[in-house]
Every structure is written in structure tokens, then in C-alpha cells.
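Colleague: I should like to go through the fold of this chain with you, helix by helix and strand by strand. Please give the reasoning along with each answer.

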Amino acid sequence: MATARRAGAASPATAGANPLLGEWQTPYGLPPFDRIEAAHFAPAFEEAMRVHRAEIEAIAASSAPPSFENTVPALDRAGRLLERTHAVFHNLAASETSPELQSAQLGLAPKLAAHTHAVQTHAGLFARIEALYEARERLDLAPDQRRVLERYRSDFVRAGARLDGAARARHARIVGRLAELTTRFGQNVLADEAAFRLELRHEPDLAGLPEFLRAAARQAGAERGLDVPVVTLARSLVVPFLTFSERRDLRERAWRAWTTRGEHDGANDNRPIAREILALRRELAGLHGARSYADHVLADTMAREPSHVQTLLEQVWKPACARAAQELEALEALALSRDEPPRIEPWDWLYYAEKVRKVRYDFEEAQVKPYFPLERMVAAAFDCAGRLFGLAFVEQPEVPAYHPDVKVYEVRRRDGGALVGVFLHDNFARPSKRSGAWMSSYRVTSHHGPDGERVVPIVVNNNNFAKAAPGEPTLLSFDDARTLFHEFGHALHGLLSDVRYVRVAGTRVLRDFVELPSQLFEHWLTEPEVLKRHARHYVTHEPIPDALVERVHAARHFNQGHETVRYAASAFVDLAAHSLQTVPPDLDLAAFERAELDRLGHPAVVGLNHRLPHFQHLFSSAAYAAGYYAYLWAEVLEADAYEAFVEAGDPFDAEVAERLRRCIYASGDSVDPVEAYRAFRGRHARIGPMLQQRGLIDIDD
Ligand SMILES: [Zn+2]
């Protein structure tokens, strides 16, 4: 182990020239952002991978027989320089990128992937892990030690470490070919989206479009060298167009193009690509001895097997279809009342739904926003974390980050003041930041400090709020505020983590568990007590009126039948496609999808979120292959978890909050998540609260 630690430092010659390789004499060990240049990354990665390889070789080559101590903690400690470099690179490439960083990304991705694969299939290292795994009953391991051993062993096995000879070579070829195919799949979707344009040449073509959408369409036209507004298949254009355009014929054209992306003959046809991906995944699963790819993937999730996913989806399916049928009746009635044909087609749904929404819940975003200034909502999130988990957030204005808009906070215990973590809050959109909202880390915690003490995590939240003019407050929409709380929930999962090993720390949990802490935290935003305290008018400081809160709340259930049917239909198709035990070379994807939807009795007018030829969750990477259900799975846990506070009669009940911290936010993947949840709730999660939350059953059903 001493060897491994010495190997962790870079040689002084390289370190002097490259700030990524040296010791960081900065507050909290933050990266020395002002000294880092894009050109530093390639040599830093080379050195960090060399160091990591040396560390791995040292563990594998040890002449001592494998013990937990000389293998697993050593493996867990190894690669810190690589992880640190990767964290800086990955975070800057997402939040403060440049053409130089982007080109570095392209060159580095295959090298890093090859490095990870080489480590996870290292024969000598795997032999030691496997020996420990075989002997695990006799090793007298603490529960978290046993868990981390099992997780590492699973990583190695799933990377192909256990295969030999021809099977191993075939495994590597399949993984390589899948990387190629998934990249092309995503590019083809982009190409189809870019190729389509609906030109709105005359004023009647723009009927019904609000000004923001006209401006966006003009902008899209200008970007294509046209002096007319155009609708492309960018989601931010086509979805509002389907919502507001009064031109049924144009809505139909846009809808048909949108739902057939990736499904046209020619260079961008994704059907043969998806077919080959499915066949290769099936073969890969076979090499691992699984009946199907879904079996293979789900074995490493909370759901464990396809039948459990199937059961969840079936439980939501019937009430969602019933709710969608009611929603359809309301749309038909509205069309009739306007002397329009009452038969609703798929391209009509969003249009009429928007009209119904206006009648039922009419409130303008402009009425809500003055009560949600960004600063107050940040204070609200911090206050909730304080009342639930005893944390205090103290801004450090003199500590620089990678952009002047980023705020740095010390996270301390309210009692005693011990430093728990460092939190970076990066809230504004800018051209150098990718879209969306996410949580990430600059340093993941563990108990690998010099004397076994807890390493202080450095966590970052990114949002993309539009920054107000200088001197003006940035006002959030209700959805923006919810996003802020969601990402802050992920941040707390990273900050509160208190486990020994990096492999199971913070958000390094199973795919269908990771959204629990984030989705759960959204609940506190909508607590009346929290709104009264923090949602105050930015000029008058008056709390938000009750009537407005009620309308915002009521609107949350609107159109949830439609949303849930579309989501669940896509999840069913995902599961069916990845459960195939043979993938015929002439598999007709459209016919396969149709058959699955017919089996379900899917209402065609509702549609589905993603059709197979453009289902990027499944085919642009393996991230959500046989895993599209995971969002709903986490929602079941989250809705049921919040019920514990409802039952206690207090959204900040101290006992429930402490159990939540200990069992869910602090324990990472050091405990089997099924057990972790049961420890928190005293039982398994029930589906009822999720159905209620979506408005799919009434409270007294
Ligand atoms: Zn999330």
C-alpha cells in the first residue's frame, strides 16, 4: 500500500510545468483554475494514467496473499490523480468550455475508455478480487467492506474480466462495435433534426404563435441563411409549435417529421443500427450467461429483474390510460365548443391541452415570477438543508472559482461548526456552458484522509437560468425553482456522504436509486410553510398569496394521464426490445413496436415519448438501455419517502430527517439500496403515493 501511495505523486519535473500535476496550495484544495490551460490536459492525463497503471500493477504484483486490506482499499485509493484530473476536465468541458477543450475531449475519450477497460480486465488484479469474493463468508468483513468488494467484483465481471480466450476477445470486439454504433445513432438523429425545416413564409402560417416562438423561429431561419421564420425539429421549437400553432395542417407536418426521426431510408436510417445494437447486446448478455440483455442489466439495479419492472409499469398503466381518456374527453369538448372537428389527432393534443389549461388553471408565469427571486430560492434550499440535516452554508466571496458568476460556500455543521463539504453554485446560462441542469463533483468523499479521516467533498450544481440585467434580480419560474431544488438534492447526496470507500460514495449508487435524493428534495419547495417564509415579492417582500399557490399546485396534475401513458409506453417498448431472446436479422422495428403497443392497448392519439429509431436513451449510449423505467422507480421511492414526514405531521420532523440522512443521503452505495430504504421506512416502498402525486388516483381511492 505504501508503494501505491508513493506512486500517487507525479515526478517534480512534469509537475512544475503543469499545474494539473502539482500539489494544489489553494483554499480547500480547489483546482488552481486561473493557471489551468486546455493544453495541460493531454500530458496530465498521460501522466495520471501512467501513475494509475503503476498503482494497479503494484497491487496485482504483491507477493503477499490477497487480503481485503492489501487489495480493496488499495484499489479504492488508486487513481486519485487520474480522478482529480478527470473531474477538472469533465467539469470545465461542461460549464466553461472552449474550442480547445472540445477538441481535447474528442482525442481523449477513446484513450480514457481503453484505460478503464484495461484496469477492469487486469488479470492479476481480478484474480485477487475473485479470490476474496470466493472467500467473502470467511473474511470477517464489516457490511460496507463486503458491499464494496461485491461492487468492485461486479465492475470487473461486467467489463468481461471473467471471460477467457475467444469469449473475451469477442466481448472486447462487441464493446468496440457498440461504441461506434451508438455514436452513429446519435449523429443520425441530429442529422434528421437538422435536415427538416418548416418555412413559415406568410402571416397565416404563424397563426397562434406567441412572440417568443416567432422570435425563436426567425432566429432559426437566420441561422440557416433564410429571411423567413422556420420550425426545425429542435425540441425547443417543435414542442411549442405543436402547442400554439392554430394551423392543423402545419402541426401535422411537424408532428410527422418529429415522430419519424431516424426512420427514413438513406444515410441517416437508424433502423439497421438499432437492430444491430440489440443483436450485439443480446450476444453480450449471452457471454455473461444471462437470458437477455434486460436480465443482464437489471441484475445490477434495485429492480433486479425484468418482471419487477413489468409489474411497476403495469400498475401505472391502467390508471394512466383511464386518466388520459378523461383528458381526451375534455379536449374533444373544447374543440366542439369552438365549432372545430371534435376528432383529436396526435398532432392536436398539445394544442387543445394548452387551451384547456388556460381555462382551468389560468395563471401567467408573470404573476408567479416576482415571488421567486433566485437569491431567495437559494436561501430557501439552504434553510431546508439546515432544518433537516443541521447544515449551514457560508459564502466565501474571496475564494475564486472558474467563472466570476460561480459562488463558493463552506458547508458546516450548525452544531460545532465542523467542515462538511464545499459547495459551488453555478446558476447562470452562458455560451460556454452546455444546456440543462446537473450536479457534479470536484472531489468525492471517502475516509482516505492521511489518518483515515473523512475527505471533504467538493460538489458543484449547474443551472441555466437567464441572468437578469445588472442591478435587476434574477426571477425564476416555478419550474426553475423546482430544478434548483432538484439539483440541490443531488448536491446534498454528495455533501452528506459519509462512507469509507470512494467506489460507493455519494451519488455512486445504482441507476434506479440515484434520483431518489434529488426528486425527494423537490417536495420541500412546495411546502406551504417554506413558500410563506421564502417566496416573497422582490419589491414588496409580501409572501406569495394563497390563491396563487393553490393554482400552481392544482396545475401540477394537469395532463398527467397523457404524460404518464407516453412515458410508460416507451418504457414498455424499451423493456420488450431488450428482453428479446433472439434478434432476427430482419427484425422490423416499427412492426415490433406496434405489436407491443397493441398488446398494451395503447391509445394511439396519445403517442409515446420516444419511438425506437430515435430513442437516444437506449441507443446513443447504454446509459438507459433497459433502464428508461428508472425515473418512475425513483419516483415511487421518493413519493413514499415523503409520506414519512406527512405521517409524522411535520415536514421537518427531526427524527424522520435524521433517519433520512443516515439511511439515504449519507450511505451512498455502502448498503444494498433495498435494505437502505427499508431501514429508513421500516418497510418496502408502496406505489400509492406516486400514483397520488401524479393525480392518477384520488386521495380517497
Ligand atoms: Zn436528477
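The following exchange discusses a predicted model.

Colleague: What term describes the orientation of α10 and α11 to each other?

Modeller: The axes of α10 (residues 211-223) and α11 (residues 235-244) come within 11 Å and cross at roughly 135°. An angle of up to 145° that lies above 115° falls outside both the perpendicular and the antiparallel ranges. The two helices, α10 and α11, are therefore oblique to each other.

Colleague: How many nonpolar, polar and charged residues does the contact of α10 with α11 have?

Modeller: α10 passes α11 in a left-handed crossing. On the α10 side the contact is made by Leu213, Ala216, Ala217 and Ala220, and on the α11 side by Ser236, Leu237, Pro240, Phe241 and Phe244. By class, the contact has no charged residues, one polar residue and eight nonpolar residues.

Colleague: Is α15 roughly parallel or roughly perpendicular to α16?

Modeller: Helix α15 (residues 306-337) packs with helix α16 (residues 349-361) at an angle of about 80°, and their axes are 9 Å apart. Angles of 65 to 115 degrees count as roughly perpendicular. That makes the relation of α15 to α16 roughly perpendicular.

Colleague: Which charged residue takes part in the contact of α15 with α16?

Modeller: From α15, Ala330, Leu331, Leu334 and Ala335 meet Trp349, Tyr352, Ala353, Lys355 and Val356 of α16. By class, eight residues of this contact are nonpolar, none is polar and one is charged. Lys counts as charged. The residue asked for is Lys355.

Colleague: Which strands stand at the edges of the five-stranded sheet?

Modeller: The sheet is open, its pairing is mixed, and its order is β3-β4-β5-β7-β6. A single partner strand each leaves one side without a neighbour in the sheet, so the edge strands are β3 (391-395) and β6 (438-443).

Colleague: By how much are neighbouring strands of this sheet turned against each other on average?

Modeller: The sheet has five strands in the order β3-β4-β5-β7-β6. With direction ignored, the average turn between neighbouring strands is 30°.

Colleague: Which residue is the bridge partner of Arg443 in β7?

Modeller: β6 and β7 (residues 458-465) pair in the antiparallel sense over five bridges. Along this pair, Ser441 stands opposite Val459 in β7. For Arg443, the bridge partner in β7 is Ile458.

Colleague: Which helix that packs on the sheet touches β6?

Modeller: Helix α18 (residues 374-389) packs on the sheet by touching β3, β5 (419-428) and β7, and its direction makes about 145° with that of β3. Another helix packs on the sheet by touching β4 (407-413), β5, β6 and β7, with its direction at about 170° to that of β7. Five of the six residues of β6 are buried, and the strand is mostly covered. The helix touching β6 is α19 (residues 478-495).

Colleague: Which residue takes a positive phi in the hairpin of β4 and β5?

Modeller: β3 and β4 pair antiparallel over five bridges, with Leu391 opposite Arg413 in β4. Six bridges join β4 to β5, also in the antiparallel sense, and Tyr409 stands opposite Phe423 in β5. This hairpin has five residues between the strands, and the positive phi, near 90°, belongs to Gly416.

Colleague: Is Ala159 buried or exposed?

Modeller: Ala159 lies in the loop between α8 (143-158) and α9 (165-195). Leaving aside neighbours within four places in sequence, Ala159 is in contact with His117, Gln120 and Thr121; Thr121 is 38 residues away in sequence, yet 6.5 Å away in space, C-alpha to C-alpha. Because 20 C-beta neighbours lie inside 10 Å, Ala159 counts as buried.

Colleague: Where is His541, and is this residue buried or exposed?

Modeller: Most residues other than glycine have a negative phi. Phi of His541 is positive, near 65°. His541 is placed in the loop between α21 (528-534) and α22 (546-554). With 8 C-beta neighbours inside 10 Å, His541 counts as exposed.

Colleague: Is Asn559 buried or exposed?

Modeller: Asn559 is not a glycine, but has a positive phi of about 65°. Asn559 is found in the loop between α22 and α23 (560-578). Because 20 other C-beta atoms lie within 10 Å, Asn559 is buried.

Technical notes. Residues numbered from 1 in each chain as written. Predicted model: local features only at pLDDT ≥ 70, side-chain atom pairs only at ≥ 80, totals over all residues. Axes fitted to C-alpha atoms, helices over the stretch in contact; angles between N-to-C directions. Helix = DSSP H or I, 4+ residues; strand = E, 2+ residues; numbered from the N terminus. Parallel < 35°, antiparallel > 145°, perpendicular 65-115°, else oblique. Left-handed = near helix turned anticlockwise from the far one by under 90°. Contact = placed C-beta atoms within 7 Å. Pairing = 2+ DSSP bridges. Buried ≥ 20, exposed ≤ 12 C-beta atoms within 10 Å, placed from the backbone.
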